[in-house]
Amino acid sequence: MSMGSTSASTLPPDFLWGFATASYQIEGAVDEDGRGPSIWDTFCKIPGKIARGGTGEVACDSYHRTLEDIALLKRCGAKSYRFSVSWSRIIPLGGRNDPINEKGLQHYIKFIDDLLAAGITPLVTLYHWDLPDELDKRYGGLLNKDEFVADFAHYARVVFQAFGSRVKHWITFNEPWCISVLGYNVGQFAPGRTSDRTKSPVGESSRECWIVGHSILVAHGVTVKIYRDEFQAGDGGEIGITLNGDWAEPWDPENPVDVEACDRKIEFAISWFADPIYHGKYPDSMVKQLGDRLPSWAPEDIGLVHGSNDFYGMNHYCANYIKAKTGEPDPNDTAGNLEILLQNKNGEWIGPETQCPWLRPCAIGFRKLLKWLSERYNYPKIYVTENGTSLKGENDLPLEQLLQDEFRTQYFRDYIGAMADAYTLDGVNVRAYMAWSLMDNFEWAEGYETRFGVTYVDYENGQKRIPKQSAKTIREIFDQHIEKA
Ligand code: PNW
């Protein structure tokens, strides 16, 4: 069996690759140096929300192990590292008139300096889901657009001022779809709001997610304006948003309504956010289905949102089969009145099983979605900010076997090969790739049962880190594809 990818396609010499993580998933130290609680600290305390009662209290203990994590990145050959800043470390209560925590700022400044000294380029996410809890309690967090936007803009400005000169790549929000739908419709993620009263006493699934999505877009737009007006010329960096979305294949390719539903699925997942940014409006399919539940655009808001991406941040994991539904859409539907399936009409699976019920690898879907996005948004510069997989039953394997993660290694060969094909054969302007994740970590509602790392983390023995096979092979895969300068 060959170690390399089977694709002969290339990537440009300056292609940036590395690994991604997020603050709440790795840092731990939730009470240290003045950090305030986030909505995830609060959510984890509700019995039944997280597998086996997991929390981010210790996680990978990365707050205390920044040098170890940098050594790990070096060992993997990474050129870059995407991590997120914990808002409530910087401003413990979160608001624009609340005190700033100098220790929180100093932590990240030191970390970034150490990364730069190691020759690793930081990509910094401002918001990877850990809203300061106080803002949720004070005014309903993301449901209150004006308050949220003003507080987020202030937080962003504080961060730009503190480490803007050191950071050249900024991501405002990670995965607004997950924030809105999983947090305010399904209720599976913090703050856990939903109409399903068996899960939450509060929430209105048919409305809140659309309001939250709108708040995120406006906060993104305002933040980009601040960066461009006050920092970009001096700091010479760039800024964008990261959207998640998977590829869609028709359940029955012979049925035009299933074929049509595939585009609608991607529109509801991705174009919800990307169309306002690149086209200055919500997709017609969403306006049609949601009517006035989808907020309308105030001219000054859409003016800020339209044109607000210096690059497109793409998180991508898998593909689905799509079957159109007939009849009126459910008021709580967020998918576009269709079924998202893992098997097609002939009973064929989209890909092999993993630990996550939603994730079955299908690498060709990555190439197809890169092309779809490029065509719809006029070939933007794309940074893949997450891509990776869990493995069925990985957590139960004996250590020696767990470290031989051939399934994950093959996933990276196939997906990176598909991305190189998109670059070489389809003219897609993809310029960076961050594998999810540098190490096993707190996988949200799935707790510590699900591992996504190229590095094993031994949670029972002092969060010891041991690289898996995939950690070593990713470098070989990129060596094979990236043209020598
Ligand atoms: C992303 N889904 O989340 C996040 O950005 C990461 O923090 C996370 O660890 C990673 O993917 C792996 O899950 C997602 O249900 C969570 O479709 C759920 C879904 C998609 C992305």
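## Close-up views of a predicted model

**View 1. The ligand and its polar partners.** Let's start with E175, where a polar side-chain atom lies 3.1 Å from an oxygen atom of the ligand. Keep in mind that everything shown here belongs to a predicted model. N174 joins in too: an N or O atom of its side chain is 2.9 Å from a ligand oxygen atom. Then there's W436, with a polar side-chain atom 3.2 Å from an oxygen atom of the ligand. On its own the ligand would expose 450 Å², and the protein buries 91% of that. How many residues surround the ligand? There are 14, and the closest are Q25, H128, E386, E443 and W444.

**View 2. The closed barrel.** Here we step back to a barrel of eight strands, closed and with parallel pairing. Going round, the strands come in the order 1-2-3-4-5-7-10-11. From one strand to the next, the twist averages 25 degrees. Pick out strand 4 and strand 5 (residues 238-244): this pair is parallel and is held over four bridges. A handy place to spot the pairing is W170, which stands opposite I239 in strand 5.

**View 3. T172, a residue of strand 4.** Staying with the barrel, we zoom in on T172, which sits in strand 4 (residues 169-174). Is T172 buried or exposed? T172 has a relative accessible area of 0%, so it counts as buried. Setting aside neighbours within four places in sequence, T172 touches T125, L126, Y127, F152, H220, T223, V224, I239, G240 and I241. One of those contacts, I239, is the residue that stands opposite W170.

**View 4. The open sheet.** Now for a separate piece of the picture: an open sheet of three strands, in the order 6-8-9, with mixed pairing. Strand 6 (247-250) and strand 9 (338-341) are the edges, each pairing on one side only. The twist here averages 40 degrees from one strand to the next. Strand 6 and strand 8 (residues 319-324) run parallel, joined by four bridges. Look for W247, which stands opposite A319 in strand 8.

**View 5. Helix 10 across the sheet, and A274 within it.** What lies across strand 6, strand 8 and strand 9? That's helix 10 (residues 256-279), which runs at about 125 degrees to strand 8. A274 has its place in this helix. With a relative accessible area of 0%, A274 is buried. Leaving out neighbours within four places in sequence, A274 makes contact with L243, H279, Y312 and Y377. A274 and H306 are 32 residues apart in sequence, and their C-alpha atoms are 9.3 Å apart in space.

**View 6. Y448 in its loop.** Our last stop is Y448, found in the loop between strand 11 (430-436) and strand 12 (455-458). Why does Y448 count as buried? Its relative accessible area is 19%, and buried means under 20%, so Y448 makes the cut. A polar atom of the Y448 side chain lies 3.5 Å from the backbone nitrogen of A59. Not counting neighbours within four places in sequence, the contacts of Y448 are G54, T55, G56, A59, N395, N441, F442 and Y459. As for P99, its C-alpha atom is separated from that of Y448 by 33 Å, with the two residues 349 apart along the chain.

Conventions. Residues numbered from 1 in each chain as written. Predicted model: local features only at pLDDT ≥ 70, side-chain atom pairs only at ≥ 80, totals over all residues. Heavy atoms only, no water. Pairing = 2+ DSSP bridges. Helix = DSSP H or I, 4+ residues; strand = E, 2+ residues; numbered from the N terminus. Axes fitted to C-alpha atoms, helices over the stretch in contact; angles between N-to-C directions. Contact = heavy atoms within 4.5 Å. Near = heavy atom within 4 Å. Polar contact = N/O pair within 3.5 Å; in protein donor to acceptor, adjacent residues only side chain to side chain. Areas by Shrake-Rupley, 256 points an atom, 1.4 Å probe, with all protein chains shown as cover. Buried < 20%, exposed > 50% of the residue type's maximum accessible area, 1.4 Å probe, protein only.
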